[in-house]
Amino acid sequence: LVGTEADLRAALEAAVPDDCVVLTADIALTGGQILITADSAAGGIEIDGAGFSVTSNGTDRVFGIDDGDMVTDSFTVTFKNITISGGGGVSFGAGVASQETLVFEDSVVTGNRAIDPGMNYTGVGGGIDAAGDLTLTRTTVSNNTASSYADLPTTGGGFYLTGIGGGVNVDGAVTITDSNIDNNEAANQGGGIAINGIGPHVITGSSFDNNRIGSTTAQGNTIGLNSFGAGLFQDAGGPGVNMSISNSSISGNVGGGNAVAGDIIFDYGMGADLTTRGVNDVISLDNVTISNNTSTSDGISGGYLAVQRGTGLTMSAIEGGTFNVSNSTISGNYMSPLGDFPGYGAVSVATFDTGSGVAYPGVFNLTDNTISGNTALRGGGIGVRYNGGFNNDGIGTQNDLNITGGTIANNYA
């Protein structure tokens, strides 16, 4: 049982495999992050907050977890019934940064901000940055931010500014059950969550709502470049990506930002941006609500390309892959009419040739879905693109688009 910062540090240093450290009071850190290493965690350790919190003062992250081996996950850390907040002053994982297997149950990660203090322009994983596997069960990740550097000028080009995974950034396999990843912000990619590994990723009964990308809060004074997936962004290297989302919501997410002369803005997949990179990749959505996602970009291209597309759901197949979307509702999504080629549908379907000379078709199966009340400049309901251009019917050698049952109605372009 621990009730002070000193007691918590001592308990973790003395821990043996499968120990459980239980909090008896809220703890406000003054001595920097709590570092959990292989020496202290060995085979695994559990931290039971018992309803209490561990809070940083904004100058360092709250928990760092690392065995010093960048190759393998040697232990598991489980957080239960705890609130983790106030992390900052670091470029990644302001709440928790983990190189190991990470588990959260009945917990809250809130009010953390990842921003690089050394002008490398990158903030990753505002709430959680997990290099290993991540499991969230009945857990809320909210009001976290991944920012790009805050003091760059608002005009001019040449910078690649990145804020990835406002709530969560994860490289390993993801299991999310009955959890809420809401009201987070990232400067560029994955306002709610950015998923980089091939999986398997299983998301059930969870929400990714009211997250933002490209906002001035996340960017400080910088421009918004390469903004993807306000609610959920997945773009693993593949092939072999395996991802399923069921009984979940990706709604009310906003893609903002602005581009001035000589700069580029891409606002892709304001609700969810999902990409496959190989013929063996499979991404499936069942009974998912994707609604009221919005692009509010006020970009002026100035001779460079400003593109916003897929305001509800963007599915991109690079060298093949299969998407299955069933029993889902995609409605009320809105794409700003600004930009050179704005708005490719509430559902954007795309296959790209990566330069190999062979463009393997993506397979897109839409079954018993409701796609209604969406607005985009081109293809209000469904927009189909191939390698940067249009394929008029979306069926055949470029995209295999199969629509069975369901309703596509009252969309506007």
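These legends go with several close-up views of one predicted model. Residues are numbered from 1 along each chain as its sequence is written, and side-chain values use heavy atoms, leaving out hydrogens and water. Because this is a predicted model, local features need pLDDT of at least 70 and side-chain atom pairs count only at pLDDT 80 or more, while totals for chains, interfaces and linings use all residues.

**View 1. Here's the whole protein chain before we zoom in.**
The chain comes to 3 helices and 44 strands. Helices (H or I, at least four residues) and strands (E, at least two) are DSSP runs, numbered from the N terminus. Of its 413 residues, 55% count as buried; buried means under 20% relative accessible area, exposed means over 50%, and partly exposed is in between (1.4 Å probe, protein chains only). About 14200 Å² of the chain is exposed, with carbon and sulfur atoms supplying 50% of that. These areas come from the Shrake-Rupley method with a 1.4 Å probe, and for residues only the protein chains shown count as cover. Take the contacts between residues at least 6 apart in sequence: 83% of them join residues at least 24 apart. A contact means heavy atoms within 4.5 Å.

**View 2. Meet an open sheet of 6 strands.**
Read across it and the order is β12-β17-β22-β25-β29-β33, with parallel pairing. The edges are β12 (113-115) and β33 (294-295), each pairing on one side only. Two strands pair if DSSP finds at least two bridges between them. For β12 and β17 (residues 145-147), 3 bridges do the joining. Look for Arg113, whose bridge partner in β17 is Thr145.

**View 3. Strand β15 has parallel partners in β10 and β20.**
β10 (residues 101-105) pairs with β15 (residues 134-137) over 4 bridges, and here Val103 stands opposite Thr135. β15 also pairs with β20 (residues 174-177) over 4 bridges, where Leu134 stands opposite Val174.

**View 4. Now look at the side chain of Asn253 and its backbone partners.**
Asn253 sits in the loop between β28 (242-251) and β29 (254-255). Is this residue, Asn253, buried or exposed? Asn253 counts as buried because its relative accessibility is 0%. A polar atom of the Asn253 side chain lies 2.8 Å from the backbone nitrogen of Asn211, and one lies 3.3 Å from the backbone nitrogen of Asn210.

**View 5. Time for some backbone oddities.**
Most residues other than glycine have a negative phi, and most peptide bonds are trans. Asn210, though not a glycine, has a positive phi of about 60°. You'll find Asn210 in the loop between β24 and β25 (212-213), partly exposed with a relative accessible area of 41%. Asn327 isn't a glycine either, and has a positive phi of about 50°. Its loop runs between β36 (322-326) and β37 (329-331), and Asn327 is partly exposed at 42%. Which two residues does a cis peptide bond join? They are Gly199 and Pro200, with omega about 10°. Pro200 lies in the loop between β23 (193-195) and β24 (201-204).

**View 6. Finally, the stretches where pLDDT is below 50.**
pLDDT is the predictor's confidence in each residue, from 0 to 100. The chain's mean is 78, and 71% of its residues reach 70 or more. Over residues 298-308 the pLDDT is below 50, and that stretch has 47 contacts in the model beyond near neighbours in sequence. Residues 353-359 also stay under 50, with 10 contacts beyond four places in sequence.

Note on methods. A polar contact is a pair of N or O atoms within 3.5 Å; within protein, one must be able to donate a hydrogen and the other to accept it, and residues adjacent in sequence count only if both atoms are side-chain atoms.
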